[in-house]
Amino acid sequence: MIYITRIINFIQIIITYFLSVVFRKVYVSQYPFALSIEPTNCCQLNCAECPTGMQQLTRVKGYIDMDVFEKILQSVYTRTFYLNLYFQGEPLLHHNILYMIRLAKKYNMNVVISTNGQMIDDNIAKQIVQSGLDKIIISLDGFSQQSYEAYRKGGDVLQTKHAIISLIKAKKELKKSKPKIIIQTLVNRFNEHEIPIIKQWVNTLKGTTFRLKSMQINYSYEFLPHNEIYRRYTKKNGNWKIKKRLNNRCFRIWSQCVITHEGNVVPCCYDKNAEFIMGNITHAKLSEIWRNKKFTNFRKKILTEREKIFICTNCTE
């Protein structure tokens, strides 16, 4: 029965989004199909261009309360089935992260985490595999320490490589097919020359997938790659602007949202400082917040003047 309600909700999302785009009037389903929940906005690294690493987050640092986390899952699992257990910060810093994964799997959710890999040793790798996690994204932003730490300040590239190998080893020893391991490189001008080397190394690893990601610039364009293929931005009239045209629509805003560790519901992962709070999960159900006046007005603006919403100006959606 749970799978039927999820399918119905997903179909409703597609239909309501289509109707909203065509008629320029907000129609919305009962629930999102995907949810990002922030275990913590703390991190042990000081990555350049990251609001957390640069100490630029204006919201308080902390960790999600487990009662709040379980309350969220209980209220959404019949219709929401995809869970990103990350937003700002390093999710493995939450001491209950493995329990959180297991709990979400108990509710038959597809669970993903994204990590810098600095905390994964052989023991943690085994626990991650045993948790039932579906996918893990590990950031390998350079092959040499010099190129890696240009962005991942405070990080050790050898530790990241060891984390990847430990996960592969744990899957083999435990005879598990999950989690799917995504090795992701955030391309910048300090690591772009190492992309062929990283690809070659990843090709030697069984059961992994390699992915390049364009870098989001928040503070300085010095990290933009020399090769325009890897750039998210282009220069127009002396100013850097995102390459993609910002059309007055965004499927993401009709299909998923983010919940910060404080319980605040924000429209998407580009609202890193939670400046567009639609409500708080401790005061109202997600189904109510998802369709309330604030969220409706935000979606109206997406349909009419998206380019005026500053968090959209970095988005590739």
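**Exercise 1. What covers the buried residues of helix H2 in this predicted model?**

Start with the helix itself. H2 runs over residues 66-76, and its buried residues are Met66, Val68, Phe69, Ile72, Leu73 and Val76. Here "buried" stands for under 20% relative accessible area.

Now look at what sits against them. The cover includes three strands, S1 (34-37), S2 (82-84) and S9 (256-259). Helices H3 (97-106) and H9 (286-290) are also part of that cover.

**Exercise 2. Work out why the buried residues of H2 line one face of the helix.**

Go back to the list: Met66, Val68, Phe69, Ile72, Leu73 and Val76 are the buried ones. Next, view H2 down its axis: these residues fall within an arc of 165°, so they line one face. The general rule helps here: an α-helix has 3.6 residues a turn, so residues three or four places apart point the same way.

**Exercise 3. Which residue caps the N-terminal end of H2?**

Check the start of the helix. The cap is Asp65, which has a side-chain oxygen 2.9 Å from the backbone nitrogen of Asp67.

**Exercise 4. Describe the largest pocket, going from its volume to its lining.**

First, the volume: this pocket holds about 1,300 Å³ of space. Then the lining: there are 48 residues, and the ones closest to the centre are Tyr86, Ser114, Gln184, Lys213 and Cys269.

Next, ask which elements give two or more residues to that lining. They are S2, S3 (110-115), S4 (135-139), S5 (180-187), S6 (208-214) and S9. S6 makes the largest contribution, with four residues. So much for position; by class, the lining splits into 21 nonpolar, 17 polar and 10 charged residues.

Did you spot two familiar names? S2 and S9 give residues to this lining, and both also help cover the buried residues of H2.

**Exercise 5. Do the same for the second largest pocket.**

Its space comes to about 240 Å³. Of its 15 lining residues, Gln216, Asn218, Tyr270, Lys272 and Phe310 lie nearest the centre. Sorted by class, the lining has six nonpolar, six polar and three charged residues.

**Exercise 6. How many cavities of 30 Å³ or more are there, and what lines the largest?**

The count is one. The volume of the largest cavity is about 50 Å³. Around it you'll find Cys250, Arg252, Ile253, Cys268, Tyr270, Arg306, Ile311, Cys312 and Cys315. Seven of the lining residues are nonpolar, two are charged and none is polar.

One last step: look for Tyr270. It lines this cavity, and Tyr270 is also among the residues nearest the centre of the second largest pocket.

Notes. Residues numbered from 1 in each chain as written. Predicted model: local features only at pLDDT ≥ 70, side-chain atom pairs only at ≥ 80, totals over all residues. Heavy atoms only, no water. Buried < 20%, exposed > 50% of the residue type's maximum accessible area, 1.4 Å probe, protein only. Helix = DSSP H or I, 4+ residues; strand = E, 2+ residues; numbered from the N terminus. Arc of directions from axis to C-beta. Contact = heavy atoms within 4.5 Å. Polar contact = N/O pair within 3.5 Å; in protein donor to acceptor, adjacent residues only side chain to side chain. 1 Å grid on protein atoms, 1.4 Å probe; cavity = no way out; pocket = protein on both sides within 12 Å on 5 of 7 lines; lining within 4 Å. Points joined across faces, edges and corners; volume = space filled by probe spheres on them. Nonpolar A, V, L, I, M, F, W, Y, C, P; charged D, E, K, R; others polar.
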